[in-house]
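Please look through the structure below slowly, with the sequence beside it, and follow the chain from one feature to the next as the paragraphs name them.

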Amino acid sequence: MLRLDEAVALALDGVTALPAERVSLDRALGRVLAEAAHAPRDLPPWDNSAMDGFALQAADTASGLTQLRVLETIMAGGVPRQTVVPGACARIMTGAPLPAGADAVVMVEDTDGGPDGVVTVRGVVQPGQHVRRAGEDVRAGAHVLSAGLVLGAAELGMLAAMGAPSVMVRQRPRVAVLSTGDEVVEPGFPLGFGQIWSSNTVALMAMITEAGGEPIHCGVAPDDAQGLNAALARCQHAELILTTGGVSMGDADLVKAALSDGLRFHKVAVQPGKPVALGRLFGKPTFGLPGNPVSCLVTFQQLVRPVIRAMLGLPRPFAPVIEAVLTAAVSKRPGRALLARARLQRGADGVIRATPARSQSSGAMSGMVEADGLVILPLESGDAPAGATVRVQVLRWRFMDRDEPGYWREGAEREAPEAPAEASAGEGDACC
Ligand code: AMP
Ligand code: MG
């Protein structure tokens, strides 16, 4: 049987990044930058003041107590009209352009405020003090953002600061989701005997969105070849097609047959998720994911998510893997890789511990709800004992919040002297 890493390689084989499109900055959060960004000009564009105060010549303040004539007031957005000469200065606000002749700014707190056209400056001012130089943040022409990065608040702010109203990002792959099975009913519709609501459709659509794709809901196909083919035709405009169910060894497992022309695999040595197929339909990569809800989501995570991430042009399409210590044994027979659902917790010692979810059944959604990650036990490994250090593929990072003492407040340990010593240990050293 194909190993999981071989299946991943086959899934990624030939997948290339989609074309780019231009979107306005306010629509670009979470999108992938398609081309490197260079600064069209210096940032800041001109020398300006970092403080509310007085722009002056530093050499004037050598005596430590100086009186200077105030020539004018320069507001942020204003234009300096006068040149600062020895014995003179200009009142200046944060962000206002530095006037000609000035080489430093003294903050208003170190003066008498300059009540009537003359200001007294206390202390010696160094040249360049409280001046933000043109290009100090970014030089004109400098490489600022690399292609392939995910745009967050800081990157969008940087692009806006450089004057870009829009940005070139990778198109998001459209991913069709088709559930199969005579027993499967859309949520919201009444159930007959033996029927179940489709949990896979909405869960897959959520995972597609999280991965950066655009899900297309293609409904439920019946367990007959004609009905299945008609339903598959609804998927043809997507860049990637996903079906769930109908890929194992049962009588109604027709998806494998529908994929038979371009079939690359139909079984992978992994648990959960052994019955999973990859083929091509309408010239598009098509995954036949298992119907069992956990198998469906876990195989999406291993095989489909990397493909979506590669189509987005992300350089590292795989989910992060961390090390954790098992709190309970996990039983396993060699022959298939095991991806065990586990809850993660970060202890006060900084060690991350993994507790296997109560149900490891491939049909039990409760195990998936509990899980923060998948403990990876490789194909050849046997049982993993409690206390073993294992690798865990992280599904979500909420465990990083769970054990925190709460919002960090300066001096909190002084306000609550009754708190036990170990609860506040180390907090007093925090900075910023
Ligand atoms: P299959 O692979 O079609 O034999 O399905 C395996 C198991 O998954 C069966 O118990 C199905 O009822 C269940 N199943 C199939 N499709 C879905 C779905 N869309 N949502 C939830 N469970 C499903
Ligand atoms: Mg079925």
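Phe282 is found in the loop between strand E18 and strand E19, where the strands, like the helices, are DSSP runs numbered from the N terminus (helices being H or I with at least four residues, strands being E with at least two). Although Phe282 is not a glycine, its phi is positive, at about 55 degrees. With a relative accessibility of 39%, Phe282 counts as partly exposed, a class that lies between buried, under 20% relative accessible area, and exposed, over 50%, as found with a 1.4 Å probe on protein chains only.

Before going further, the reader should know that this is a predicted model, in which local features need pLDDT of at least 70 and side-chain atom pairs count only at pLDDT 80 or more, while totals for chains, interfaces and linings use all residues. Residues are numbered from 1 along each chain as its sequence is written, chains are lettered from A and ligands numbered from 1 in the order in which they are written, and side-chain values use heavy atoms, with hydrogens and water left out.

The two strands on either side of the Phe282 loop are partners: E18 and E19 (residues 284–289) run antiparallel and are joined by 5 bridges, and two strands are said to pair if DSSP finds at least two bridges between them. Within this pair, Ala277 stands opposite Gly288 in E19. Both strands belong to an open sheet of 5 strands with mixed pairing, in the order E15-E12-E16-E19-E18. Strand E15 (214–221) and strand E18 (277–281) each have a single partner strand and stand at the edges, so one side of each is left without a neighbour in the sheet. On average, neighbouring strands of this sheet are turned by 25 degrees against each other, direction ignored; for such angles, axes are lines fitted to C-alpha atoms, for helices over the stretch in contact, and the angles between N-to-C directions run from 0 to 180 degrees. Helix H4 (residues 225–233) lies across E12 (174–180), E15, E16 (240–244) and E18, and H4 runs at about 160 degrees to E12; contact here means heavy atoms within 4.5 Å. In the loop between strand E17 (270–271) and E18 sits Pro272, and the peptide bond that leads to Pro272 from Gln271 is cis, with omega near 0 degrees.

A second open sheet can be followed in a similar manner. Its 5 strands come in the order E7-E4-E6-E5-E8, again with mixed pairing. The edges are held by strand E7 (104–107) and strand E8 (118–122), each with a single partner strand, so one side of each is left without a neighbour in the sheet. From one strand to the next, the twist averages 40 degrees. Inside the sheet, strand E5 (residues 65–74) and strand E6 (residues 88–92) pair in the parallel sense over 4 bridges, and Arg69 stands opposite Ala88 in E6.

Where does Ser49 lie, and is this residue buried or exposed? Ser49 has its place in strand E3 (residues 48–49), and at 0% relative accessibility Ser49 counts as buried. A polar atom of the Ser49 side chain lies 2.6 Å from the backbone oxygen of Met51. Leaving aside residues up to four places away in sequence, Ser49 touches several residues, among them Ile92, Val105, His130 and Arg132. Of these, His130 lies in the loop between E8 and strand E9 (131–132), has a positive phi near 55 degrees without being a glycine, and counts as partly exposed at 25% relative accessibility. In the loop between strand E2 (37–38) and E3 the reader finds Pro44, and the peptide bond from Leu43 to Pro44 is cis, with omega near -10 degrees.

Finally, consider the spaces within the model. The largest pocket holds about 780 Å³ of space, and of the 34 residues that line this pocket, Met207, Glu210, Ala211, Arg305 and Leu395 are the closest to its centre. Helix H3 (199–211), helix H6 (293–311) and helix H7 (365–370) are the elements that give two or more residues to the lining, and H3 gives the largest share, 6 residues.

Terms used
Polar contact = N/O pair within 3.5 Å; in protein donor to acceptor, adjacent residues only side chain to side chain. 1 Å grid on protein atoms, 1.4 Å probe; cavity = no way out; pocket = protein on both sides within 12 Å on 5 of 7 lines; lining within 4 Å. Points joined across faces, edges and corners; volume = space filled by probe spheres on them.
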